[in-house]
Amino acid sequence: MADECLFCRIVRGEIPATLVAENASCIAFRDLGPKAPTHVLVIPRKHVESLNTLDDPALVAEMTALAQQVAKAEGIDGPGYRLVINTNAHGGQTVFHLHLHVLGGRQMKWPPG
Ligand code: 5GP
Ligand code: ZN
């Protein structure tokens, strides 16, 4: 856990967020600047800086399991959705606490920008 990390502060309840789901190891909350009608972030409760420093790959399975629940609850499972993990500068990562974007509710483009 990192004192100053924005997402650790959300996990601790020090910064408000709209929680949509949780499990033992992860929480899911709405992105403050949504890029799609549904835009939820799934994050581990423990601080992990990025996918590069993940030492427990099972955690990504738990994040994905929660994303699956979120997609169903949001009604985007049928029409479809996209999961994204941005890593470092070229990936477009701006918050250095591992997170999985769950994006849906509109047609996604390919290739991504
Ligand atoms: P990244 O660019 O690192 O992949 O994604 C970070 C995401 O966090 C962005 O989509 C941004 O809108 C979101 N975000 C940044 N600050 C906050 C915040 O304080 N609360 C919430 N709910 N989302 C945030
Ligand atoms: Zn953190």
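1. A good place to begin is the pocket: the largest one is the space that ligand 1 takes up. Keep in mind as you look around that this is a predicted model.

2. Now see who lines up around the ligand. Ligand 1 is surrounded by 18 residues, and D31, N86, T94, H99 and H101 are the closest of them. Sorted by character, the shell around ligand 1 holds seven nonpolar, eight polar and three charged residues.

3. Which elements supply at least two residues each to this shell? They are α1 (6-11), β2 (26-30) and β3 (38-44). Helix α1 gives the largest share, with three residues.

4. Next, zoom in on some oxygen atoms of the ligand. D31 places a polar side-chain atom 2.5 Å from an oxygen atom of ligand 1, and N86 has a polar side-chain atom 2.8 Å from an oxygen atom of ligand 1. With G92 the backbone takes part: one of its N or O atoms lies 3.1 Å from a ligand oxygen atom. As for cover, ligand 1 on its own has 520 Å² of accessible area, and the protein covers 84% of that.

5. Finally, have a look at the aromatic rings. The count here is one aromatic pair. Why is the pair of F7 and F29 called edge-to-face? The ring planes of F7 and F29 stand at 80°, and over 60 degrees counts as edge-to-face, so the pair earns that name; the ring centres are 5.5 Å apart. Because F7 belongs to helix α1 and F29 to strand β2, the pair ties together parts that lie 22 residues apart in sequence.

How values were computed: Residues numbered from 1 in each chain as written. Chains lettered and ligands numbered in written order. Predicted model: local features only at pLDDT ≥ 70, side-chain atom pairs only at ≥ 80, totals over all residues. Heavy atoms only, no water. Near = heavy atom within 4 Å. Polar contact = N/O pair within 3.5 Å; in protein donor to acceptor, adjacent residues only side chain to side chain. Areas by Shrake-Rupley, 256 points an atom, 1.4 Å probe, with all protein chains shown as cover. 1 Å grid on protein atoms, 1.4 Å probe; cavity = no way out; pocket = protein on both sides within 12 Å on 5 of 7 lines; lining within 4 Å. Sits in = over half its atoms within 2 Å of the grid points. Helix = DSSP H or I, 4+ residues; strand = E, 2+ residues; numbered from the N terminus. Nonpolar A, V, L, I, M, F, W, Y, C, P; charged D, E, K, R; others polar. Phe/Tyr/Trp six-rings, centres within 6.5 Å; stacked < 30°, edge-to-face > 60°.
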